[in-house]
Amino acid sequence: MNDDVKQIADAASSGYFLDTQDEPRVRRARDAVQLGIGLLLLLVAASDVVRLSSLQESINGVSAALPGWAGLIFWSSYALAALYALGIIAVSLVRARRNPKTARDIVAAGAAAIFMTFMIMQWKEGIWPRLLPELGAETPEPHFPVLRVAVVAAVVLASSPHTTRALRRFGLIMIALTVVASFGLNFGYPSDAIGALGIGMIAAGAVLLGFGSPGGFPEPAVVAGALGQLGIVVHDLLPAADQSWGTRRLVGHDGQGAEIEVKAYGRDAADTQWAAKVWRALWYRDSGPPMASRMQAVEHEALMSLFADRAGMSVAEPLTAGLAGDDVAILAVHRPGPALASVDPEEVSDTFLTSVWQDLVRLHSADMAHGSPRTEAIMVTSDGHVFDDFVMGSLGAGDRINLDVVNLLFSLAAWADVDRAVATARAGLGDERLAAALPYLQLPALDRRVRRATPKPKNLMKDLGAAVAAATETEPPEEVKLRRVSVGSVLMALLILIAANALITQLAGIDFAAVWDVVRDAAPLGILLAYFVAHLSFVPEATGMIAAVGRPLPLQPVVILQLSARFIGLAVPSAAGRVAMNSAFLMKFGVGPTAAVVQGAIDGISGFIVEAFILVIGLMFIEGSFDLGGDVDWQAILLIALAVVVVGVTILFLVERLRKLVLPVLKDALGSVTSVLKDPRRAITLLTSNFLARLALAVALWLILRSIGIELSVALVLVVTVATNLLAGLVPIPGGIGIAEAVLTSWLVLVGVPETSAFAATVVYRMWTFYLPAVEGFFAMRWLERRDYL
């Protein structure tokens, strides 16, 4: 009887659950993001600082006033979500013999959500949650968090890698209905439901990160069936050893024994989801095919192969491309020989390698780039070679041409040796083309698969750069001398910190015991949330830097660079430290030192424009918030400012040495600013990034003030933080140590915050936005150095 039940369950679930037992498990960035978002939602919901009780009570009041049929819909949705989650668990347990990992993931996530909900409810309210509240009292009371929402979210999200797209979408609908029904039935406020959703995301994300997610690739049998629908019969189809991101690569043969390579994009391949593609494109500068759908990916690669063939390049012959049914997009190509990577270098002549380079020149002459030329993408034939794998190819290549040269050069050097790679490149490309790629000979310029070709890529890249410079008689790009931090500079920063805070204490006469009392009585979750919000400012700072450079850069190391700058700002007492770091970083991506300096100027100018706009708008519309203690003679201030500008310009033109130093930089900066203004998208990105970075810091201070019981508007706090940044920046002290604390305290007192509370908020704010990031920046800089970004 039990076997009959299992057979019926397997038959019923085969169209909804995937057979993921034998698929490789990987830890995906998507799951880490899900966990992080869940943690943020939980912190926001649990913090009394951001719980807008009056608004939430109004929402629940509106829900209570709805007609009876609306309550019936809420009740039905709430019960249906529970039955759906129980059904997912039951089916996974029935299939446990066949797919034990699926059952383990789903049950573990559900159990984790129940455990966290029970513990939080005991901690917050000292009670245990009811499992079936819809069957309980007629007048339920809201509680934090809502158990049903947490469990349904955890089960649905944990099961998503194991289910088909249709079931995943239905599960998301169930989560949304549960969230709305929970406060519609008064089982919790909206924030209670959002916090429970965060618990579910944490539970599912932690389980999938801990055990890994299945690859989501289509099975060979499914691919073979899809090929049959397209009129191609392939035998002995097996996964290839070289698997590229987001695609399943398989190898088989036709009836005559000719080898065929198949790339399959399955509907349920998890990494082909749009969110994952966006994440990889931003974070790693490696999004896979730049398309929105699997069919577009196939069409793109087939089109690139066709255009490359028209340009005179030898390419693998496409056999078929299309969408088989509604499940799998297929691209099948003929493999006329083994990959160059699998051939002994001693069996390959220099003439052959030169012809490979000449073939790449033909592609580049048509303003096209391969995207990832490497020994695995070149097949050896009886009469020569062919190129394959145009998935990262692009038209209108631009700088990608130099990246092609760097990737193929490195791949050949790892496969054979440096001398052969450089010699054949000179013969096939010419010294001029090879020398043009010299600034791009940096590890960050390499495709991930190319970089993995050798266990010591950094050493190989160094040898390769020296060999290219010597062979082409070209001066290698001068490395930026990044000033390392000495013990003396750190001690100097500490002494400045001690002296500055002693000065603040004497000037303000602040009672530190009272300050400690304010901090001790603050809402801890609000203070903790402020820490995370402050760190969010590094992301728009990074996007602003990318927009200022005007060249695609991976977001991950650029964000970490912003954190490293906090450490350099503390330990190196001048702006030269940050300029040198940015120059060293950008040179790894082929950006020269002058461009790096200009990037800083563009970013600084745009930041000043944003801050000036915030101050003008803020002072115009925030009435009655500032007491400047008398009338201000704005005419005199403007005259003084104008006089300072006139004197500065006069000195610049009278001192020839100063003019020769400053004017070229100003000319480059003006040209770069003009180029930014000519590109609306770039200009908007730059200005928006600067605004969001300042807004994140303002929200962090607002949360700190709310945590200690001070009510100010976000707009007013934004004006205060911007004004503090401008004034503190006028004093040449690393990180504005001491000065920033004094200025911010004064501004807060000026807008009506008690002196003790103002200084307490300032200390926490500076700790979260400067001192702790400076410590974290040391480890961030070490991370960049280990990966050859600095």
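Ile704 touches Ile527, Ala530, Ala761, Val764, Tyr765 and Trp768, leaving aside residues up to four places away in sequence. This is a predicted model. Ile704 also belongs to the largest nonpolar core, which has 85 residues. Within that core, Ile704, Leu705, Leu712 and Leu748 touch the most other members. Helix 6, residues 147-159, gives the most to this core, with eleven residues. Another core lies apart from it and has 46 residues. Among the residues of that other core are Met313, Val348, Leu409 and Leu412. Why might such cores form? In soluble globular proteins, nonpolar side chains tend to be buried together.

**Two helices and what follows them**

Leu748 leads on to helix 29, because it is one of the buried residues there. The others named as buried in helix 29 are Ala740, Glu741, Val743, Leu744, Thr745 and Trp747. How does the length of helix 29 compare with what is expected? Helix 29 covers residues 739-750, and its twelve residues should span 16 Å at 1.5 Å a residue. The end C-alpha atoms are 16 Å apart, which agrees. Just after helix 29, Gly752 takes a positive phi of about 105 degrees.

Helix 8 passes the same kind of check. It runs over residues 190-211. At 1.5 Å a residue, its 22 residues should span 32 Å, and its end C-alpha atoms are 32 Å apart, so the two values agree. Is helix 8 mostly covered or mostly open? It is mostly covered, with 16 of its 22 residues buried. Just after helix 8, Gly212 takes a positive phi of about 90 degrees.

**From helix 2 to the surface**

Arg30 lies in helix 2, residues 29-46. Its relative accessibility is 28%, so Arg30 counts as partly exposed. Arg30 and Gly205 are 175 residues apart in sequence, yet their C-alpha atoms are 8.5 Å apart in space.

Helix 2 also takes part in a nonpolar patch on the surface. Which residues form the patch? They are Leu39, Leu40, Val44, Leu528 and Phe532, with about 360 Å² of accessible area together. Helix 2 and helix 20, residues 524-536, each supply at least two residues of the patch. The largest share, three residues, comes from helix 2. Leu528 is found in helix 20. Its relative accessible area is 38%, so Leu528 is partly exposed.

**Salt bridges**

How many salt bridges does the structure hold? It holds 19. Three of the pairs are listed here.

| Residue | Partner | Closest N and O atoms |
|---|---|---|
| Arg249 | Asp389 | 3.8 Å |
| Arg449 | Asp389 | 3.5 Å |
| Asp431 | Arg426 | 2.8 Å |

Start with Arg249 and Asp389, which form a salt bridge. This pair links distant parts of the chain, 140 residues apart. Arg249 is in strand 4, residues 248-253. Asp389 is in the loop between strand 10 (384-387) and strand 11 (394-395). Both Arg249 and Asp389 are buried.

Next comes the salt bridge between Arg449 and Asp389. This pair also links distant parts of the chain, 60 residues apart. Arg449 sits in helix 16, residues 448-451. Is Arg449 buried or exposed? With a relative accessible area of 11%, Arg449 is buried. Asp389 has 2% relative accessibility, so it counts as buried. The cut-off for buried is under 20%.

Asp431 and Arg426 form a salt bridge too. Asp431 has 29% relative accessibility and therefore counts as partly exposed. Arg426 counts as partly exposed as well, because its relative accessibility is 35%.

Some salt bridges join into a network. The linked residues include Arg249, Asp389 and Arg449. Glu259, Glu261, Lys263, Glu301, Arg335, Arg374, Glu376 and Asp447 are also in the network.

**Pro239, a neighbour of Arg249**

Pro239 has its place in strand 3, residues 235-239. What does Pro239 touch? Its contacts are Pro220, Arg248, Arg249 and Leu250, not counting residues up to four places away in sequence. Pro239 and Val251 are twelve residues apart in sequence and 6.3 Å apart in space, C-alpha to C-alpha. Pro239 has 41% relative accessibility, so it counts as partly exposed.

Key: Residues are numbered from 1 along each chain as its sequence is written. This is a predicted model: local features need pLDDT of at least 70, side-chain atom pairs count only at pLDDT 80 or more; totals for chains, interfaces and linings use all residues. Side-chain values use heavy atoms; hydrogens and water are left out. A nonpolar core is a set of buried Ala, Val, Leu, Ile, Met, Phe, Trp, Tyr and Cys residues joined through side-chain atoms within 4.5 Å. Buried means under 20% relative accessible area, exposed over 50%, partly exposed in between (1.4 Å probe, protein chains only). Helices (H or I, at least four residues) and strands (E, at least two) are DSSP runs, numbered from the N terminus. Contact means heavy atoms within 4.5 Å. The expected span of a helix is 1.5 Å times one less than its number of residues. Patches are made of residues with over 30% relative accessible area and no salt bridge: like charges are joined within 9 Å, nonpolar side chains (Val, Leu, Ile, Met, Phe, Trp, Tyr) within 5 Å. Accessible areas come from the Shrake-Rupley method with a 1.4 Å probe; for residues, only the protein chains shown count as cover. A salt bridge is a side-chain nitrogen of Lys or Arg within 4 Å of a carboxyl oxygen of Asp or Glu.
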